[in-house]
Every structure is written in structure tokens, then in C-alpha cells.
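User: Could you take a close look at the aromatic rings in this one and walk me through how they pair up and what sits around them?

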Amino acid sequence: MANLKQIRQRIKTSKNIRQITRAMKLVAAARLKKAQDRVTEARPYSEKMRELMLSLSEAGGLPSHPLLEKRSGGKTCLILITADRGLAGSYNTNLLRKSSDFLKEMGGGIDLYYVGKKGFQFFNRRGVNSVGQYTVPSTGARVEDAQEVTKTASELFVNGAYDNILVCYSKFYSPIRQVPQIVQVLPIEPPAADDGSTGK
């Protein structure tokens with residue numbers, strides 16, 4: 001049975017752990033708020049780009065450009081965006097499950113480009129072909145990181161290494177709801193018009 005001194009030491013240890021946990025919670029909340037603000041700020045740009053693409057396609061087709069070129073053959077590269085670390089709830093698990101199901105559905109023949117370490121660690125052990133890997137700084141993704149990944153994807157497509165470039169990412173709705181999605185980014189295709197959007 002613990003004596004009084006040991007009990008006091010345990011109480012002190014518990015209080016220290018509580019303070020550390022509280023500090024970690026505050027840091028995590030600040031980072032989440034910062035990331036959420038970035039997503040919110042980027043959405044108007046994304047929506048305007050969608051409106052522009054839709055307007056151009058409705059006006060009689062998009063202009064000729066290497067990134068718009070549709071090819072036969074179907075060699076595909078999937079850009080998988082995961083975190084570098086764990087402690088992210090089901091974030092990484094959902095993305096890995098989504099991409100695994102997609103690879104099974106397509107029957108193989110798809111190479112992966114990894115943004116973040118978790119995807120690479122998972123699929124590298126399973127012998128999936130890898131195009132490359134990009135590590136995002138622990139402080140968070142920057143515009144420069146997006147530009148670097150975009151540059152790599154554009155080069156792979158324009159050089160003819162791949163006929164389709166897809167991206168698997170988690171679409172943010174709220175801190176408790178993020179839905180993994182796989183979308184085609186190259187070749188660029190005009191977005192489908194929503195009901196009633198034509199002519200607006």
C-alpha cells in the first residue's frame with residue numbers, strides 16, 4: 001500500500017500531466033483554427049476558377065493547351081495526400097482506405113506520388129509502384145508546397161509519362177467531418193454545370 005509521500009508524488013505527477021495535456025490542446029486548437037482559416041480563404045478562389053472553366057466550356061469549348069489534352073492509353077498516376085505523423089484521428093486511415101479501394105477497383109496499373117509520409121509508409125510495404133514523394137514541413141502546408149506538387153504533376157502529364165493525374169485528398173467540411181475524395185486534376189476538364197446554372 002502506498003504511503004503518504006508516494007500518494008503526494010502521484011498527485012503531483014497527475015497535475016503535471018494535466019498541464020502538459022492542456023498546453024497541447026491549446027496548440028492543437030490554434031493550429032486547427034489556422035488550417036481552417038486557410039481552407040475558408042481558398043474557397044472563393046476555387047469557386048471563381050470553377051465558374052471561369054464552366055463559362056469557357058459553355059462558350060464553345062476550351063482553348064488548346066497541353067494540360068487540356070485528352071489521350072488514350074489511360075496510364076494513371078494518383079497523388080495521395082496524407083499527414084507525416086499520426087495523432088490525427090481517422091484522417092490518415094480514411095485516406096488509405098479510400099486509395100486502397102480505388103486501386104483494387106482499378107485492378108492495378110496505377111502509380112502513386114506521395115505527399116506526406118503516412119501514405120508512403122503504408123503502400124511501400126505493399127509493393128505499389130511509386131513515382132516520388134514530397135514531404136510537407138511540420139509547420140503546415142504552404143503555397144510553395146502546392147506549387148511544387150503542381151509542377152511535378154504538370155511535368156509528368158506534359159512529358160507523356162501519364163495520361164491521367166488524379167488526387168486523393170480529404171475534403172474539409174468541419175473539424176469533425178472530412179470526406180476522402182478522388183478527383184481528376186489532369187487533363188483539366190470543365191466542371192459539370194449544376195441544375196439551373198446555365199446562363200448565369
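Analyst: Let's fix one term before the rings: a residue is called buried when its relative accessible area is under 20%, exposed when over 50%, and partly exposed in between. Keep in mind that this is a predicted model.

With that cut-off, Tyr 114 is buried, because its relative accessible area is just 1%. Its ring partner is Phe 120, and the two form an edge-to-face pair, 5.6 Å centre to centre with 80° between the planes. Phe 120 has 26% relative accessibility, so that residue counts as partly exposed.

The rings of Phe 122 and Phe 123 pair up too: their centres are 4.9 Å apart and the planes stand at 85°, so this is also edge-to-face. Here both partners are buried, Phe 122 at 19% and Phe 123 at 2%. The count of aromatic pairs comes to two.

Phe 122 has another visitor: the charged end of Arg 126 sits over its ring, 3.7 Å from the centre. Elsewhere, Arg 71 has its charged end over the ring of Phe 157, 4.1 Å from the centre.

For the wider surroundings, look at the largest nonpolar core, which has 15 residues; Tyr 113 is among the members touching the most others, as are Val 115 and Val 149. The helix α4 (143-158) and the strand β2 (110-115) are among the elements that each supply at least two residues, and α4 gives the most, with four. Sequence neighbours within four places aside, Val 149 is in contact with Tyr 113 and Tyr 134, plus Ile 79 and Val 115. A second, separate core has 13 residues, including Ile 110 and Leu 112.

Conventions:
Residues are numbered from 1 along each chain as its sequence is written. This is a predicted model: local features need pLDDT of at least 70, side-chain atom pairs count only at pLDDT 80 or more; totals for chains, interfaces and linings use all residues. Side-chain values use heavy atoms; hydrogens and water are left out. Rings of Phe, Tyr and Trp (its six-membered ring) pair if their centres lie within 6.5 Å; planes under 30 degrees apart count as stacked, over 60 as edge-to-face and the rest as tilted. Buried means under 20% relative accessible area, exposed over 50%, partly exposed in between (1.4 Å probe, protein chains only). A charge sits over a ring if NZ of Lys or CZ of Arg is within 6 Å of the ring centre and within 35 degrees of the ring normal. A nonpolar core is a set of buried Ala, Val, Leu, Ile, Met, Phe, Trp, Tyr and Cys residues joined through side-chain atoms within 4.5 Å. Contact means heavy atoms within 4.5 Å.
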